[in-house]
Amino acid sequence: PMEVNSETINILEKFASLNPLHNKIAYEGIELSLKTFQSSRHFAIFDTDFHKTIPEHAKIYGLDYEFYLKGIKKYGFHGISYSYLLDLSKEILNNQKPNLIALHLGSGSSACAIKEGASFDTSMGFSPLEGLLMLSRPGDIDAGVILELLKLGYTAKELEEMLYKNSGIRAIAKADDFETLLKLKANDAIARLAYEAFLHRIIKYVGAYWVLLGNVDVLVFSGGIGENSYELRQDLCKALEPFGVKIDNFKNRENATSIETKDSKIKVLVLKTDEEMQMVKILIKHLGW
């Protein structure tokens, strides 16, 4: 956590553009809080902090090393959520250093490989655009596509608007939320395609992270989609059956906390994340209270 004052506020302003969907609003909120609660101490807690344990070889992009030194590298996001999910998983498993594959699936979606209780890799990168297909963001995309769009006359500002707000499921299927997509896909081939693309990207990342971790203790679903879509969980876990993942369909439909069967090789948890509470816990620990 960083204490926010007249000196550090400039640092936050500088990095507001890194994640325009969230940082700009957060920065404005902080400015308002500083004016409203002038006698209080203010702290900023960063989504990226949880991922500082990711090894360098997983952070670096295939660009000139000088860019890496200047901060062009993977930072990862949803770290506050993953921190909370890890703490909760430790309690459930009675294991302080578990291996997790955690999925924060919502309007913004990401996956995280947690090795022995620490972030080892995550799907979001320098910005929250990388990784899984999302509601309005494309996730992984060939850099050549961006170059082609620039050649076609799109400006950087137009591309930013497109990539953050008008890509992903919204662009493919014209659905503004996941529930609408699920309703549409029964009779709409394009909606079905968007769902399958969303699922495919998750399967690919989970499979890769399983290999990176070597062994997995628990698969965690969270976020609005992860917590509520039994169909998505069912389809993903079916693809993971070769890894020994088995779920109880009744428990899954009921959104139970633990949905694996007795003979499943790993636990499968559905956990409601609480980023607000986790920020309080992080700050209490930081202040030594």
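Trainee: Why is His78 called buried or exposed here?
Mentor: His78 has a relative accessible area of 11%, and buried means under 20%, exposed over 50% and partly exposed in between, with a 1.4 Å probe and protein chains only. His78 is therefore buried. Keep in mind that this is a predicted model, where local features need pLDDT of at least 70, side-chain atom pairs count only at pLDDT 80 or more, and totals for chains, interfaces and linings use all residues. Residues are numbered from 1 along each chain as its sequence is written, and side-chain values use heavy atoms, leaving out hydrogens and water.

Trainee: Where is His78 found?
Mentor: Look in the loop between helix H4 (65–69) and helix H5 (79–93); helices here are DSSP runs of H or I with at least four residues, strands are E runs of at least two, and both are numbered from the N terminus. Phi of His78 is near 60 degrees, a positive value in a residue other than glycine. Most residues other than glycine have a negative phi.

Trainee: And what makes Asn255 count as it does at 31% relative accessibility?
Mentor: That value lies between the two cut-offs, so Asn255 is partly exposed. Asn255 also has a positive phi, about 55 degrees, and sits in the loop between helix H13 (249–253) and strand S7 (267–270).

Trainee: Why are H6 and H7 called oblique?
Mentor: The axes of H6 (residues 143–151) and H7 (residues 156–165) come within 11 Å and cross at roughly 135 degrees. Axes are lines fitted to C-alpha atoms over the stretch in contact, with angles from 0 to 180 degrees between N-to-C directions. Under 35 degrees is roughly parallel, over 145 roughly antiparallel, 65 to 115 roughly perpendicular, and the rest oblique. H6 and H7 are therefore oblique to each other.

Trainee: Which residues make that contact?
Mentor: Ile146, Leu149 and Leu150 of H6 meet Leu159, Met162 and Leu163 of H7, contact meaning heavy atoms within 4.5 Å.

Trainee: How do you know that the buried residues of H7 line one face?
Mentor: They are Leu159, Leu163 and Tyr164. Seen down the axis of H7, these residues fall within an arc of 115 degrees, so they line one face of the helix; the arc is that of the directions from the helix axis to the C-beta atoms. The buried residues of H7 pack against H6.

Trainee: What makes H10 and H12 oblique?
Mentor: The axes of H10 (residues 189–213) and H12 (residues 230–239) come within 10 Å and cross at roughly 50 degrees, so H10 and H12 are oblique to each other as well.
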